[in-house]
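Please load the model in your viewer and get your selection tool ready. We will go from stop to stop, picking a few residues each time.

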Amino acid sequence: MTTLTKKQCVPCHGESEGASNGEIEQLKSHIPNWEIIKLNDEKRLERTYEFPDFQSALDFTNKVGAAAEAEGHHPALLTEYGKVTVTWWTHSISGLHENDFIMAAKTDELKS
């Protein structure tokens, strides 16, 4: 368990501050298996998890969905045979916020 998984997400809105490059670098150190990607000119966190079959991938997708609902912060989820790609970013600020790193760390815990 990292320090990030002990935190709760805070509600964001369009006025919220995104994470600075320094904050992103520091927060990223807690989730080394995640990639920072840029899509539609927005920074996002993305990771693909592998599973032995579709049912296992679907079960994981449902766990991530339940965690997202509990925190009020929702990812993009792509469920395929044997893998799930999870992408976190904060829609209201079109970029990364501490919440995304918190949820990425919590997603990793769901896989363990």
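Start by selecting helix 2 and helix 3 of this predicted model: their axes lie 10 Å apart and make an angle of about 145°. Turn the view until you can see the crossing, which is right-handed. Now show side chains where the two helices meet. Helix 2 brings Phe60, Lys63, Val64, Ala67, Ala68 and Glu71 to the contact, and helix 3 answers with Met103, Lys106, Thr107, Leu110 and Lys111. Colour these by class and you should get six nonpolar, one polar and four charged residues.

Next, keep Phe60 and hide the rest. Which residues does phenylalanine 60 touch, leaving out those up to four places away in sequence? Look for Tyr49, Phe51, Val84 and Val86, and also for Thr107, Leu110 and Lys111.

Phe60 also takes you into the largest nonpolar core, which has 23 residues. Select Ile31, Trp34, Leu45, Phe60, Val86, Trp88 and Phe101 to see the members that touch the most others. At least two core residues come from each of helix 1 (21–28), strand 2 (42–50), helix 2 (54–71), strand 4 (83–88) and helix 3 (98–111). The top contributor is helix 3, with five.

For the last stop, select Ile24, Leu27 and Lys28, which are buried in helix 1. Look down the axis: these residues sit on the same side of helix 1 because they cover an arc of only 100°. Finally, add strand 1 (35–39), strand 2 and helix 3 to the view, since the buried residues of helix 1 pack against them.

Note on methods
Residues are numbered from 1 along each chain as its sequence is written. This is a predicted model: local features need pLDDT of at least 70, side-chain atom pairs count only at pLDDT 80 or more; totals for chains, interfaces and linings use all residues. Side-chain values use heavy atoms; hydrogens and water are left out. A nonpolar core is a set of buried Ala, Val, Leu, Ile, Met, Phe, Trp, Tyr and Cys residues joined through side-chain atoms within 4.5 Å. Buried means under 20% relative accessible area, exposed over 50%, partly exposed in between (1.4 Å probe, protein chains only). Helices (H or I, at least four residues) and strands (E, at least two) are DSSP runs, numbered from the N terminus. Contact means heavy atoms within 4.5 Å. Axes are lines fitted to C-alpha atoms, for helices over the stretch in contact, and angles run from 0 to 180 degrees between N-to-C directions. A crossing is left-handed if the near helix is turned anticlockwise from the far one by less than a right angle, and right-handed if clockwise. Ala, Val, Leu, Ile, Met, Phe, Trp, Tyr, Cys and Pro count as nonpolar, Asp, Glu, Lys and Arg as charged, and the others, Gly among them, as polar. The arc is that of the directions from the helix axis to the C-beta atoms.
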